[in-house]
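Please read the briefing below alongside the sequence and the three-dimensional view. It is grouped by topic, beginning with charged side chains.

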Amino acid sequence: MAISRVRSLIPLSNGVRNSVYSFSRFYSSTFSTHFENVGFIGLGNMGCRMANNLIKAGYKVAVHDINHEVMRMFAERGVPTEETPSGIAETSDVVITMLPSSSHVLDVYTGPNGLINDGNLLRPMLFIDSSTIDPQTSRRISVAVSNCGLKQKKDIWEIPMILDAPVSGGVLAAEAGTLTFMVGGSEEAYLAAKPLFLSMGKNTIYCGGAGNGSAAKICNNLAMAVSMLGVSEAFALGQSLGITAGTLTKIFNSSSARCWSSESYNPVPGVMEGVPSSRNYIGGFATKLMVHFAQCNTDIYSLSCVKCQEVVTLAKDLNLAAESAKEIGLKCPLASQAQEIYGELCKEGHETKDFSCVFRHYYSGKDEH
């Protein structure tokens with residue numbers, strides 16, 4: 001047992017439940033004191049903002065990125081920088097990574113000058129990977145971390161732990177510190193890391209064992225993609241049959257078709273203000289990485305590549321969902337269809353627009369006047 005199990009102490013009486021709740025809060029705050037020195041790797045559009053919020057929260061943060069210009073910007077503010085991931089590991093109690101793909105995560109953790117090497121004694125007690133990657137890679141990294149030891153055991157920490165903790169909310173939420181974290185791994189490590197998460201976001205959801213946070217992220221975005229296609233298709237059909245999108249929106253949002261894509265992110269220009277469809281589909285979830293992530297072999301994790309500027313994109317997550325389904329032999333025809341449709345949009349030159357542009361550019365839907 002790496003950490004003693006708090007939940008084994010929970011009996012059925014309400015009075016003791018209250019006591020356990022108080023203990024859990026103590027547990028979290030106690031272990032967070034071991035995480036004063038935080039290493040952060042991957043200073044792209046999301047990572048640099050997350051690191052900034054940790055600094056604002058009072059953590060002693062050291063950073064690494066292969067983009068030396070980004071490193072220089074942090075150094076000018078007095079933030080320590082390291083030239084390699086292993087350098088970060090030598091100075092940190094906890095290391096957070098925010099990287100663009102599974103291959104980058106594997107390289108940063110297990111590659112030359114990586115964070116870990118099987119059997120080595122490590123300083124960090126905890127690693128948190130907030131990259132959006134496939135669950136299989138998250139579980140592979142988890143096994144590699146568990147094979148290491150700690151240079152100095154503290155309290156009941158016996159081996160280093162890792163949490164996969166991808167985020168939802170995008171760049172604006174990263175800036176505002178209102179991200180949602182979907183977390184997989186040890187529940188005890190999750191409780192200990194909660195103050196870190198709440199320094200960068202407002203919601204944390206424990207999803208179960210290793211890889212489950214990554215699985216939750218790609219499942220959420222698969223559902224979102226399919227929902228947007230269904231809503232856009234229905235709006236386009238309705239317009240062709242003589243019903244305005246405004247009327248259909250009222251019907252959808254007061255009936256069984258109600259969903260985020262109709263109520264909060266309506267794809268029809270002119271129906272809703274403050275969403276990408278109201279500004280020519282600029283901003284939001286770009287479709288660009290649908291094709292590019294499968295082809296980009298550049299060794300980057302700062303997202304400094306011109307073609308990799310959009311992070312946490314729907315398209316990347318669709319690829320991950322389809323690949324994960326294929327690996328376990330699960331039929332996911334809607335994921336495949338969504339991939340095909342968004343791939344077509346990319347080929348037609350709409351790759352930088354929000355994914356809701358599928359209403360206009362695939363279904364040939366009309367603006368609402």
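**Briefing on the model**

Arg72 and Glu69 join their side chains in a salt bridge, with N and O 2.2 Å apart. The model that shows this pair is a predicted one, and the structure holds seven salt bridges. Its chain has 15 helices and 10 strands, and buried residues make up 54% of the 369 residues. Of the contacts in the chain with a separation of 6 or more, 67% are between residues 24 or more positions apart.

**Salt bridges**

- Both Arg72 and Glu69 belong to helix α3 (residues 68-76), where they stand three residues apart, about one turn of the helix.
- Arg72 has a relative accessibility of 38% and therefore counts as partly exposed, and Glu69, at 43% relative accessibility, also counts as partly exposed.
- This pair belongs to a network of salt bridges that links Glu69, Arg72 and Glu76.
- A salt bridge is also formed by Asp93 with Arg123, whose closest N and O atoms are 3.1 Å apart.
- That pair links distant parts of the chain, 30 residues apart, with Asp93 in the loop between α4 (85-91) and β3 (94-97) and Arg123 in the loop between β4 (121-122) and β5.
- Asp93 is buried, with a relative accessible area of 5%, whereas Arg123 is partly exposed, with a relative accessible area of 33%.
- The side chains of Glu263 and Arg258 meet in a further salt bridge, at 2.9 Å from N to O, and Glu263 counts as partly exposed at 34% relative accessibility.

**A buried acid without a salt bridge**

- Asp134 is placed in the loop between β5 (126-129) and α6 (135-146).
- Although Asp134 is buried, it has no salt bridge, and the nearest side chain of opposite charge, that of Arg139, is 8.1 Å away.
- Because a salt bridge requires a side-chain nitrogen of Lys or Arg within 4 Å of a carboxyl oxygen of Asp or Glu, the 8.1 Å that separates Asp134 from Arg139 does not qualify.
- When neighbours within four places in sequence are left aside, the residues in contact with Asp134 are Ser102, Ser214, Leu320 and Ser324.

**Aromatic rings**

- A search of the whole structure finds 10 aromatic pairs.
- In the pair of Tyr190 and Phe197, the ring centres are 6.4 Å apart and the planes meet at 35°, so the pair is tilted.
- Both partners are buried, since Tyr190 has a relative accessibility of 7% and Phe197 has a relative accessible area of 0%.
- Tyr190 and Phe197 are also members of a cluster, in which ring pairs link them with Phe181 and Tyr206.
- A charged side chain also lies over a ring, with Arg77 over the face of Phe74 at 5.2 Å from the ring centre.

**Nonpolar cores**

- The largest nonpolar core has 40 residues, and those with the most contacts inside it are Phe40, Met50 and Ile128.
- Helix α8 (residues 187-200) gives the most to this core, contributing eight residues.
- A second core, separate from the largest one, has 27 residues and includes Val231, Tyr265, Tyr281 and Leu318.
- Ile128 touches a set of residues that includes Val94, Val95, Ile96 and Thr97 as well as Tyr109, Leu163 and Ala165, residues up to four places away in sequence not being counted.
- Also touched by Ile128 are Ala193, Leu196 and Phe197, the last of these being the ring partner of Tyr190.

**Two further buried positions**

- Ser86 has its place in helix α4, and at 19% relative accessibility it counts as buried, because the cut-off for that class is under 20%.
- Leaving aside its neighbours within four places in sequence, Ser86 is in contact with Asn113 and Gly114.
- Met224 is found in helix α9 (residues 212-240), and its relative accessibility of 12% places it among the buried residues.
- Met224 and Cys259 are 35 residues apart in sequence, and their C-alpha atoms are 9.5 Å apart in space.

Conventions:
Residues are numbered from 1 along each chain as its sequence is written. This is a predicted model: local features need pLDDT of at least 70, side-chain atom pairs count only at pLDDT 80 or more; totals for chains, interfaces and linings use all residues. Side-chain values use heavy atoms; hydrogens and water are left out. Helices (H or I, at least four residues) and strands (E, at least two) are DSSP runs, numbered from the N terminus. Buried means under 20% relative accessible area, exposed over 50%, partly exposed in between (1.4 Å probe, protein chains only). Lys and Arg count as positive and Asp and Glu as negative; His and the chain ends are not counted. Contact means heavy atoms within 4.5 Å. Rings of Phe, Tyr and Trp (its six-membered ring) pair if their centres lie within 6.5 Å; planes under 30 degrees apart count as stacked, over 60 as edge-to-face and the rest as tilted. A charge sits over a ring if NZ of Lys or CZ of Arg is within 6 Å of the ring centre and within 35 degrees of the ring normal. A nonpolar core is a set of buried Ala, Val, Leu, Ile, Met, Phe, Trp, Tyr and Cys residues joined through side-chain atoms within 4.5 Å.
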